[in-house]
Every structure is written in structure tokens, then in C-alpha cells.
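Look over the sequence and the model below before reading on. The text moves from two loop residues to the interior and then to a patch on the surface.

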Amino acid sequence: MKKFNEQSTLNLFEKGLITENQFEEIKVYRSLNIFSVNAELKLFLYLSVLLFTSGIGILIYENIDSIGHIAILSLLLIVIVVCLFYCFKNSKGFQKTETVFEHPVLEYLVLLANILTCIFIGYLQFQYKPFGEHYGLATLVPTIVSFFCAYYFDNRSVLTIAVTGLAAYVGLSVTPQDLFKNNDFYASESLSYSAVMLGVLLILWTIYSNRISLKTHFSLIFLTFALHIISIAAISNLLNYNSLIWLIFTLVLAGSTFYFYKVSYEYKAMSLYVFMIVYGYIGANIILVRLFENVDFSDIWELFVFLLPAYFVGSIVMFVKLIKNFHKEIAE
């Protein structure tokens, strides 16, 4: 890596892109062997937030009888207010463009305050039911708070919580395991349509935000959620034996695959491109099986057994080739 950096710097100097003085300064700087621990520190800050909030949950669970509900809620509220007061005091205020705190710790204080707010409202609803039997409001309120904090403090982690809360309000669980286990798209057609509508809403909001230049760096987060939600809802319904529903979600998956193919190039997003291919491949195979499920292949089953390994090997080779071509094209 060191030789590669030196050669790259030398190439810049030979092409006249940097001056001799700059070339010497770069060489002196690299000779100091200084390295950044910024990523490691942020990782530890993120883990500390998760551990702290987990500890709060364990403390509440194990000492609920001895501490009391009012005391626990009061403690949570005090911590939330202190964190938010400190963050508001040291923030630059709302800006449409990307902004950062002068100190990275403040970013994680926002995340901490947001997580504790979700815990506070959920605990308050569970214990005292201020929203009555409208449990959706107990999800919607922290979701609104999360969206406000995400946009005001420009925090991607909080935005992820906000979109997750919005999906939960609609009726979806958007963690990877819950998407496949708990969301019964096949049994509930209305849930499938809600999932697709939520995905489309996220896409439309992304388009609108880009037009008015509102936090355009959030676009990838919204598009990632939209891709997963729409694709999984569509794939789940490809197994539905209702011909109309099967056709509708075949078109939905085809449209989603085409759209995210274009968007992945527009944003040069490898993650969108990879998952778009995976979902499209799964959907295409399900459609292929459904189209030929009533055809009798008993006479040529040996040919299928022979071709099956070649098909999967060819799919893997094609997948790798597509990824390499994509990486090459976006690097140009």
C-alpha cells in the first residue's frame, strides 16, 4: 500500500497536477506514519450508545418493582431533556444541505436521546396508556420525533429509526429476519399493498427532496428501504395462486427491478445494484417455475438434472461479471 501511494503521488507530480513543493510536503507527511482512528472511535461511540440503552432496558426489567414506574419514567425524561438541550445548544440549526457537528460525540447524543425517547413513549403507553387503545399513536409519535431529529440534526442513524417506525405504523417489521418471518404478505393482501405503497411513497419523497435540494444525502437510505420492502412484498406474492394478484406483483417486481437498476447507476450505489440483482434473480426463477409448473417434464427430467448445476454456476459467473462491469462503469 505504501509503494502504491508513493507511485500514485509520483504520477500526479509527473502529470503536472501537483507542484514540486506539494510533492515534497506529501512525502514528509507520509513519512510521519500518522493514521486516523476516527472510524474506530465512532464505532466505540455507537457501541456505547447501544450498550447504555440496553443497560437501561435491563435495569428497568430487573428492578421494576423496587424502583417504581414514575421514578423510571422521570429518570428517562431527565436524560432525554439533558441530551437534547446540549445538542440543540451546540447544533448549527436546521440546514437543507448536509451538516455535521463540530464534535462527533454530539451526533451520538442525538441517537441516544432518540432511542430513549422511543423507550420512554413505549413504556408510558404500556404502563399508563395515555393514547388509550390507539397503539399506533405510540408508534407514530416517536416516529415523528425521529424524523424531526434526523432532519434537524442531520443524523442518518436516527433517520433509519424513523423509517423503521413509519413501517411499523403501517404494519410492517423491517428488520431482515422479521421481513421474512413475521410479515405474512401471502395471507394478507392489504399488507402487501401497504408495503408497496410505503415503498413508492419513500421513492416519491426522495424525488421531491432532490428537486428542492433537501438533505439529498438521505436519498440512499430511503431508496434502500424502498427496494427491500417492495421487492420482498412482490416476491412473497409471486407464490399466490390467484392469477390476478400473481400478475400484479410480477409487474410490480419488474418495475421495481428496472427502476432500481437505473437508480443504482444514478447514485453509483453498489448496495442497490447487488440487491436489485438478487431480488430480480429470485423473482425470475419463481416466475419461471410458475410458468412451467403444469408441464410434464417426466420424460426429460434427466436433462434437467444435468443442466441444473450448469445453470447455477452460470448464474454465479454472470452475477460476478455484472458486479465487475458495474464497478468499472461507476469508477470511470
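In which loop is K268 found? In this predicted model, K268 lies in the loop between α12 (243-267) and α13 (270-291). Its phi is near 55°, a positive value in a residue other than glycine. K268 is partly exposed, because its relative accessibility of 49% falls between the limits of under 20% for buried and over 50% for exposed.

K215 also has a positive phi although it is not glycine; the value is near 45°. This lysine is placed in the loop between α10 (189-211) and α11 (219-237). K215 has a relative accessible area of 1%, so it counts as buried.

The interior comes next. In soluble globular proteins, nonpolar side chains tend to be buried together. Here the largest nonpolar core has 68 residues, and those with the most contacts inside it are L76, V110, F153, L159, L202, F222 and F260. Helix α11 supplies the largest share of this core, with twelve residues. Leaving aside residues up to four places away in sequence, F222 touches F147, Y151, L159, V163, L202, W205 and T206.

Nonpolar side chains also appear on the surface. V278, Y281, I282, L308, Y311 and F312 make a nonpolar patch of about 490 Å². The elements that contribute two or more residues to this patch are α13 and α14 (301-331). One of the patch residues is I282, found in helix α13. Because its relative accessibility is 37%, I282 counts as partly exposed; that value also meets the patch requirement of over 30% relative accessible area.

Key:
Residues are numbered from 1 along each chain as its sequence is written. This is a predicted model: local features need pLDDT of at least 70, side-chain atom pairs count only at pLDDT 80 or more; totals for chains, interfaces and linings use all residues. Side-chain values use heavy atoms; hydrogens and water are left out. Helices (H or I, at least four residues) and strands (E, at least two) are DSSP runs, numbered from the N terminus. Buried means under 20% relative accessible area, exposed over 50%, partly exposed in between (1.4 Å probe, protein chains only). A nonpolar core is a set of buried Ala, Val, Leu, Ile, Met, Phe, Trp, Tyr and Cys residues joined through side-chain atoms within 4.5 Å. Contact means heavy atoms within 4.5 Å. Patches are made of residues with over 30% relative accessible area and no salt bridge: like charges are joined within 9 Å, nonpolar side chains (Val, Leu, Ile, Met, Phe, Trp, Tyr) within 5 Å. Accessible areas come from the Shrake-Rupley method with a 1.4 Å probe; for residues, only the protein chains shown count as cover. A salt bridge is a side-chain nitrogen of Lys or Arg within 4 Å of a carboxyl oxygen of Asp or Glu.
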